[in-house]
Amino acid sequence: MKYISYPFIPKRTNITSVCITVVIFLLSGIPDAYPQENNLPLQWDLQTCIDYALENNIQIKQSEANKETGLVDAKQAKAAMLPSLSASVGQNLTNYPFSKEDDSSGTSSFSASGSYSLNASWTIFDGGARTTGIKQAELNNRIADLEIEESKNNIKLAIIQNYMQILYASEALKAYEDAVELSKAQLESNKIKLSVGSVAKSDVSQWESQYASDNYNLVNAHTTLENYKLQLKQLLELDRLDSMELVLTPPDEDDVLSMIPDKRTIYQTALHVMPQVNNSRLNTEYAHLGIEKARAGFYPTISLQANTGTGNLYNNSGYSFGSQLKNNWNNMVGLSVSIPIFSNRSVKSAVEKANIDVYSSQLNELSIRKELYADIETTYLNTLTSQSQYVAAEEKVKYSRESYDVMNEQFTLGLKNTIEMLTEKNRLVTAQQELLQAKYTALMNIKVLEYYQGLI
């Protein structure tokens, strides 16, 4: 299982990417020309996004199409147990160019004939190859159901992660907007002070530089938010120009610090609910059936045949068409036994390959279980770490805010210089961003653990 990595906001980005994304942002604001035809929801919350994706995601539809193919294969495997019936009609024209009767005249002789038959065949024993094929087809259908479930789980988790990233980016955007307002207020205040000669021009220049830097960070935050929204549209199979009004409900602190089960409990639950685990187990069962099917080649094949038919020959004999059909009518019933004696090792090789397939399936099943436990253990530790970081970041923001307020008062009284004020202000902004990052990292890890428990 793969999911989008975090931290969410990149620290730096180049001007070209910023400009391109701003253009995308402006274009995405164009209203949909055909809102009635698209029949899209007016507002999108998390559950709406999930429901829409499960209905329209291409990968899920492909999995469902594969299941339909499997259902057809199962019907065909069951139909192989029934007898087959076929009819044949043949008309022949024969030329005898050197017929003795025509030697004197030099002309050739022709005759016309026809044959009409109804043929039935029924394999009554084949070593169990057909019954094993039915079991394999039914297993394939169960595997297809699990693949659909896995596709649905993956798209749900991807949407939840993307939605969380949008929430993070929107909150980060507000923090950068606050930083811009702080810089703007300080810049305007220092310009007034410069006009009365209470500060130097270098102080104003430093605040101008800080204001420009904060605006640059704000543009980056806008860019990141719009990129995440674009990713969400791609997950939902929406056109880039489709209008989309997101309803963003930020989580509270209880969600961030919620208790999580022990990692072994989560793992035991995941072994029963995760479709990829059940899928690997069914694939091992399928491989075992492959051995049975291959061994069927060692047994004889017994078939029952039946035939009824007639024919006619046009050769100026004087017999009518109807009388010929009646006189030539025949019926046949037969039993055939095909006994394998020497098959150039083909059957033995098939059995050996089937055993190798079983071993390979068992290794794949073990690998999936080990990978699952490693993923759960990593996510579990990351959850505990990010929750602890969140608690520490809350304290850091609290004291950074208090320190900034004290620094601002002293700066206003002329007790602190511009460099000290800028440093304190940037510490506050950094602390706020660290708090947001810890918050949404913890939430994302909690959601991943819920995914492993089959709760989403």
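This report describes the nonpolar cores, a nonpolar surface patch, the salt bridges and several individual residues of a predicted model.

Residues are numbered from 1 along each chain as its sequence is written, and side-chain values use heavy atoms, with hydrogens and water left out. Because the model is predicted, local features need pLDDT of at least 70 and side-chain atom pairs count only at pLDDT 80 or more, whereas totals for chains, interfaces and linings use all residues.

**Nonpolar cores**

The largest nonpolar core has 60 residues, and Trp44, Leu236, Leu372 and Tyr452 are the members that touch the most other members. A nonpolar core is here a set of buried Ala, Val, Leu, Ile, Met, Phe, Trp, Tyr and Cys residues joined through side-chain atoms within 4.5 Å, where buried means under 20% relative accessible area, exposed means over 50%, and partly exposed lies in between (1.4 Å probe, protein chains only). At least two residues of this core come from each of α3 (46-56), α5 (129-195), α6 (201-235), α8 (263-273), α11 and α12 (418-452); helices (H or I, at least four residues) and strands (E, at least two) are DSSP runs, numbered from the N terminus. The helix that gives the most to this core is α5, with 14 residues. A second, separate core consists of ten residues, among them Val199, Tyr404, Met407 and Leu422.

**Nonpolar surface patch**

On the surface, Trp122, Ile124, Phe125, Phe298, Tyr299, Leu304, Val333, Leu335, Val337, Ile339, Ile341 and Phe342 make a nonpolar patch of about 1,300 Å². Patches are made of residues with over 30% relative accessible area and no salt bridge, with like charges joined within 9 Å and nonpolar side chains (Val, Leu, Ile, Met, Phe, Trp, Tyr) within 5 Å; the accessible areas come from the Shrake-Rupley method with a 1.4 Å probe, and for residues only the protein chains shown count as cover. Strands β2 (109-125) and β4 (330-338) each supply at least two residues of the patch. Phe342, one of the patch residues, is placed in the loop between β4 and α11 (346-412), and this residue is exposed, with a relative accessible area of 69%.

**Salt bridges**

In general, side chains of opposite charge can pair when their charged atoms come close. The structure holds 13 salt bridges, each being a side-chain nitrogen of Lys or Arg within 4 Å of a carboxyl oxygen of Asp or Glu. Three of them are listed here, including their N to O distances.

| Salt bridge | N to O distance |
|---|---|
| Arg130 and Asp126 | 2.9 Å |
| Glu365 and Arg369 | 3.6 Å |
| Arg427 and Glu424 | 3.5 Å |

In the pair of Arg130 and Asp126, Arg130 is buried at a relative accessible area of 16%, and Asp126 is likewise buried, at 14%. Glu365 and Arg369 are four residues apart in helix α11 and are therefore separated by about one helical turn; Glu365 counts as buried at 14% relative accessibility, while Arg369 counts as partly exposed at 27%. Arg427 and Glu424 are three residues apart in helix α12, so that about one helical turn separates them, and Glu424 is buried with a relative accessible area of 7%.

**Individual residues**

Asn278 has its place in helix α9 (residues 275-295) and is buried, with a relative accessible area of 15%. A polar atom of the Asn278 side chain lies 3.3 Å from the backbone oxygen of His272, within the limit for a polar contact, which is a pair of N or O atoms within 3.5 Å (within protein, one must be able to donate a hydrogen and the other to accept it, and residues adjacent in sequence count only if both atoms are side-chain atoms). Leaving aside its neighbours within four places in sequence, Asn278 is in contact (heavy atoms within 4.5 Å) with Leu146, Leu271 and His272.

Gln62, in helix α4 (residues 58-79), counts as partly exposed at 48% relative accessibility. Its C-alpha atom is separated by 8.8 Å from that of Ile148, although Gln62 and Ile148 are 86 residues apart along the chain.

Positive phi values occur at two loop residues that are not glycines. Glu237, with a phi of about 60°, is found in the loop between α6 and α7 (253-256) and is partly exposed, with a relative accessible area of 34%. Arg345, with a phi of about 70°, is found in the loop between β4 and α11 and counts as partly exposed at 41% relative accessibility.
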